[in-house]
Amino acid sequence: MNFKSSEINNWYGSKSGEINAKLITETVNRLFFLPHDKNIIYVGPSLVIKKLMSENYNFNSFYISTSECADLKAELQKLPFRDDSVDCVVLIHSLEMDQDPHAVFRETDRVLTDDGQLIIAGFNRVSFLGLYSFLPIRSIFRNKNYIKISRLSDWMSLFSYDIKHIFS
């Protein structure tokens, strides 16, 4: 079973979620330059995405989701952009929330320019949060399909991406 968007959004409203959102936004802001004159799309939980967007304001950036609070309402597997038209794609838990994460990756590759940046953040089963999936407590992390870093690396190689940073 994959993560549901509502589960992740609710979790980001908790103290643990707030801490994780802060870690994601600080890491993205510290390590990646999100230019103000480029086309950027953000996909993921609204609480994290809105924080990232407010700290990296750009007239050409869009939050894409099927929810009402999105800048553009669209399915991730059918992005409303031409081929090679987006300079940066930020995917926060987007691969975990989709039934076909490889299709999402292909669609992201389709819209991304040749020299574009792809930023992916997701849950790691071998992290502190992933340990919750093994404990006999009620948690959104139990019985979920996690995308392994090795699998993501394989996809990146298949699409000829250079991997700059991996954090777990």
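1. A residue is called buried here when its relative accessible area is under 20%, and exposed when that area is over 50%. By that cut-off, helix H5, residues 101-111, is mostly covered, with 8 of its 11 residues buried. The model is a predicted one, and the points below should be read with that in mind.

2. Overall fold. The chain holds 7 helices and 5 strands. Their order along the sequence is α-α-β-α-β-β-β-α-α-β-α-α. The radius of gyration is 15 Å, close to the 15 Å that the globule rule gives for 168 residues, so the chain is as compact as a globular protein of that length. The C-alpha trace spans about 45 × 35 × 30 Å along its principal axes.

3. Burial and contacts over the whole chain. Of the 168 residues, 47% are buried. Among contacts with a separation of 6 or more, 59% join residues that are 24 or more positions apart. The accessible surface comes to about 9,700 Å², and carbon and sulfur atoms account for 52% of that surface.

4. Charges. The chain carries 19 positive and 20 negative charges, and the mean positions of the two sets lie 9 Å apart.

5. Helix H5 in detail. Which residues of H5 are buried? They are Pro101, His102, Ala103, Val104, Phe105, Glu107, Thr108 and Val111. These buried residues pack against three strands and two helices: strand E1 (40-43), strand E4 (86-92) and strand E5 (112-121), together with helix H4 (94-97) and helix H7 (149-158).

6. Thr108. This residue of H5 has a relative accessible area of 1%, which is under the 20% cut-off, so Thr108 counts as buried. A polar atom of the Thr108 side chain lies 2.8 Å from the backbone oxygen of Val104. In an α-helix, residues three or four places apart point the same way, because there are 3.6 residues a turn. With neighbours within four places in sequence left aside, Thr108 is in contact with Val89, Leu91 and Leu118.

7. His102. Also part of helix H5, His102 is listed among the buried residues of that helix. Which residues does His102 contact, leaving aside its neighbours within four places in sequence? The contacts are with Trp155, Leu158 and Phe159. The C-alpha atoms of His102 and Leu152 are separated by 9.3 Å, although the two residues are 50 residues apart along the chain.

8. Positive phi angles. Most residues other than glycine have a negative phi. His93 has phi near 60 degrees, a positive value in a residue other than glycine. Ser160 likewise has a positive phi, near 65 degrees. A colleague checking backbone geometry may look at both residues in turn.

9. Where the two residues sit. His93 is placed in the loop between E4 and H4, whereas Ser160 is in the segment after H7. Is each of them buried or exposed? His93 is buried, with a relative accessible area of 1%. Ser160 is exposed, at a relative accessible area of 64%, which is over the 50% cut-off.

10. Gly44. This glycine is found in the loop between E1 and helix H3 (46-55). At 9% relative accessibility, Gly44 counts as buried because the value is under 20%. Not counting residues up to four places away in sequence, Gly44 touches Ile49, Tyr63, Ile92, Ser94 and Met97. Gly44 and Val90 are 46 residues apart in sequence, and their C-alpha atoms are 8.3 Å apart in space.

11. Asn56. The loop between H3 and strand E2 (61-65) holds Asn56. Is Asn56 buried or exposed? Asn56 is buried, with a relative accessible area of 10%. The C-alpha atoms of Asn56 and Asn9 are separated by 21 Å, and the two residues are 47 residues apart along the chain.

Definitions and conventions:
Residues numbered from 1 in each chain as written. Predicted model: local features only at pLDDT ≥ 70, side-chain atom pairs only at ≥ 80, totals over all residues. Heavy atoms only, no water. Helix = DSSP H or I, 4+ residues; strand = E, 2+ residues; numbered from the N terminus. Rg over C-alpha atoms; globule rule 2.2 N^0.38 Å. Buried < 20%, exposed > 50% of the residue type's maximum accessible area, 1.4 Å probe, protein only. Contact = heavy atoms within 4.5 Å. Areas by Shrake-Rupley, 256 points an atom, 1.4 Å probe, with all protein chains shown as cover. Lys, Arg positive; Asp, Glu negative; His and termini not counted. Charge placed at Lys NZ, Arg CZ, Asp CG, Glu CD. Polar contact = N/O pair within 3.5 Å; in protein donor to acceptor, adjacent residues only side chain to side chain.
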